[in-house]
Amino acid sequence: MAVELPSSSRVPAFLVLADGSIFKGYSIGAEGYRGGEVVFNTAMTGYQEILTDPSYCRQIVTLTYPHIGNVGVNQEDEESAELFAAGLIVREIPRQLSSWRAQGGLPEYLKARGVIAMAGVDTRRLTRLLREKGAQNGCIWAGEENIPAALEVARTFPGLNGMDLAKVVSCTRPYPWTEGVWHLSGITTRPEARFRVIAYDFGIKRNILRMLVERGCAVQVVPATTPAQDVLSLRPDGVFLSNGPGDPEACTYAIQAVRELLAARVPVFGICLGHQLLALASGGRTLKMKFGHHGANHPVLDQQTGRVLITSQNHGFAVDTQDLPAHLTVTHVSLFDGSVQGLARTDVPAFSFQGHPEACPGPHDAAPLFDRFIALMQESGI
């Protein structure tokens with residue numbers, strides 16, 4: 001079914017980068033301005049999941065695929081309750097949308113949620129600039145043009161180095177999660193639970209929780225700052241460390257909590273920010289990447305099996321390969337740049353993965369990592 005999107009008055013919009021580069025287009029979202037780190041994402045689908053991924057907090061996302069909005073939006077594809085991206089930049093927004101699941105159009109969705117977004121941009125030029133110079137601080141502006149003011153916003157944005165955003169996007173109180181994965185018939189109900197899992201919310205996505213529930217986990221989500229002793233008092237079979245935004249080294253409270261969980265020998269599985277926190281708690285280091293990994297088509301080598309996984313990625317920091325502690329084994333590496341994509345502790349039941357194995361959006365190649373977590377809890381038998 002095709003639905004004609006309402007015509008736009010084409011409010012002007014523009015992006016100014018801290019290096020002075022200017023990109024002009026027209027607004028497809030709310031009016032106003034926002035500063036943030038400008039990154040590019042190479043996924044061809046999943047724009048709604050990207051917008052609602054808390055890992056994009058304080059980032060202005062450029063989608064390299066030229067047509068965005070084709071299938072509209074719906075509540076079931078939201079990965080969180082908010083739109084965390086600071087802004088959205090696309091080449092073209094379609095005049096029509098077509099999907100039996102659509103509950104509305106992307107421009108109306110962006111306006112209702114107060115997200116500043118623009119279309120009509122040469123996203124190939126912008127992506128090349130970010131790839132060559134690295135991620136740039138910028139300002140996206142919709143409304144009456146004021147280039148000097150936008151440039152000032154871009155140049156005064158502090159950047160993500162040293163910024164703790166996990167506390168910004170995390171839940172404020174614990175809550176249980178009972179929904180299973182989505183099928184054509186809708187959201188499934190929870191099967192009989194075999195394991196009690198505590199999931200740290202550093203910016204967790206809903207499909208992560210659904211993947212755990214689908215595998216027989218009774219999941220309790222806790223805020224990012226929850227002390228390890230509070231978690232251990234619940235006698236979990238395993239602890240999950242979620243994805244999230246910002247600089248992992250700034251999350252000192254989480255690093256300390258992970259150290260205590262590892263010392264207690266509780267099975268731990270971390271992804272994205274959780275992967276980096278596991279490395280830091282184990283004596284490793286992290287570093288800011290030039291332009292990060294953002295997309296749903298990133299090849300990763302599983303060094304234990306020799307298999308190549310096509311994965312979903314969203315991170316601007318990575319684990320430093322220099323001087324990794326002896327009790328950390330690198331299990332996965334990126335075939336784009338050789339960066340660390342997976343780690344395992346040799347002395348305690350803990351492992352991690354840099355990508356997003358829940359595949360929202362993205363391929364399902366890395367989903368068996370959840371099965372590995374289940375096996376780890378079975379083997380530990382605590």
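A residue is called buried when its relative accessible area is under 20%, exposed when that area is over 50%, and partly exposed in between. With these terms in hand, the reader may examine the predicted model shown above, beginning with single residues and moving on to its cores and its empty spaces.

Cysteine 272 is a suitable starting point. It lies in the loop between β16 and α9 (273-281). Because its relative accessibility is 2%, cysteine 272 counts as buried. Its backbone also deserves attention, since phi of cysteine 272 is near 55°, a positive value in a residue other than glycine.

Arginine 58 may be set beside it. This residue is found in the loop between α1 and β5 (59-63), and its phi is positive, at about 70°, although arginine 58 is not a glycine. With a relative accessibility of 28%, arginine 58 counts as partly exposed. A positive phi is found again at arginine 265, which follows helix α8 and has a phi near 60°.

Helix α8 itself runs over residues 252-263. Its twelve residues reach 17 Å from the first C-alpha to the last, close to the 16 Å expected at 1.5 Å a residue. Which residues of α8 are buried? They are Tyr253, Ala254, Ile255, Ala257, Val258, Leu261 and Leu262. A general point helps in reading such a list: an α-helix has 3.6 residues a turn, so residues three or four places apart point the same way.

From buried residues the discussion passes to the nonpolar cores. The largest of these has 32 residues, and those with the most contacts inside it are Leu212, Cys217, Val219, Phe240 and Phe269. At least two residues of this core come from each of β13 (195-201), α6, β14 (217-223), β16 (268-271), β21 (350-353) and α10 (368-380). The largest share, six residues, is supplied by α10. Phenylalanine 269 gives a view of the surroundings of one core residue. Setting aside neighbours within four places in sequence, phenylalanine 269 is in contact with Val239, Phe240, Leu241, Phe351, Ser352, Pro357, Leu369, Phe370 and Phe373. Apart from this core lies another, of 27 residues, including Ala228, Ala257, Leu273 and Ala350. Ala257 also appears among the buried residues of α8.

The next subject is the space that the atoms leave empty. Rolling a probe the size of a water molecule over the atoms shows where such space is left. The largest pocket has a volume of about 730 Å³. Its lining consists of 34 residues, and Glu49, Asp77, Arg101, Ala359 and Cys360 lie nearest its centre. At least two lining residues are supplied by each of α1 (47-51), β11 (182-183) and α6 (206-214). By class, the lining of the largest pocket divides into 13 nonpolar, 13 polar and eight charged residues.

The second largest pocket has a volume of about 440 Å³. Of the 27 residues that line it, Ser80, Ala81, Glu82, Phe84 and Val169 are the closest to its centre. Here α5 (166-169), β10 (175-177) and α6 each supply at least two residues of the lining. The lining of the second largest pocket divides into 16 nonpolar, four polar and seven charged residues.

Cysteine 360, named above near the centre of the largest pocket, leads to another backbone feature. The peptide bond from cysteine 360 to proline 361 is cis, with omega near 0°. Proline 361 is placed in the loop between β21 and α10.

How many cavities of 30 Å³ or more are counted? The count comes to two. The largest cavity has a volume of about 130 Å³. It is lined by 16 residues, of which Gly244, Pro245, Gly246, His315 and Gly316 lie nearest its centre. Both α9 and β18 (308-319) give two or more residues to this lining, and β18 gives the most, with four. The lining of the largest cavity has six nonpolar, eight polar and two charged residues.

The second largest cavity has a volume of about 70 Å³. Among the 14 residues that line it, the closest to its centre are Asn41, Ser312, Gln313, Asn314 and Pro361. The elements that give two or more residues to this lining are β17 (286-302) and β18. Once again β18 gives the most, here with three residues. By class, the lining of the second largest cavity has six nonpolar, six polar and two charged residues.

How values were computed:
Residues are numbered from 1 along each chain as its sequence is written. This is a predicted model: local features need pLDDT of at least 70, side-chain atom pairs count only at pLDDT 80 or more; totals for chains, interfaces and linings use all residues. Side-chain values use heavy atoms; hydrogens and water are left out. On a 1 Å grid over the protein atoms alone, a cavity is a set of points where a 1.4 Å probe fits but cannot get out, and a pocket is an open set with protein on both sides within 12 Å along at least five of seven lines; lining residues have an atom within 4 Å of a point. Grid points are joined across faces, edges and corners, and a volume is the space filled by probe spheres set on the points. Ala, Val, Leu, Ile, Met, Phe, Trp, Tyr, Cys and Pro count as nonpolar, Asp, Glu, Lys and Arg as charged, and the others, Gly among them, as polar. A nonpolar core is a set of buried Ala, Val, Leu, Ile, Met, Phe, Trp, Tyr and Cys residues joined through side-chain atoms within 4.5 Å. Buried means under 20% relative accessible area, exposed over 50%, partly exposed in between (1.4 Å probe, protein chains only). Contact means heavy atoms within 4.5 Å. The expected span of a helix is 1.5 Å times one less than its number of residues.
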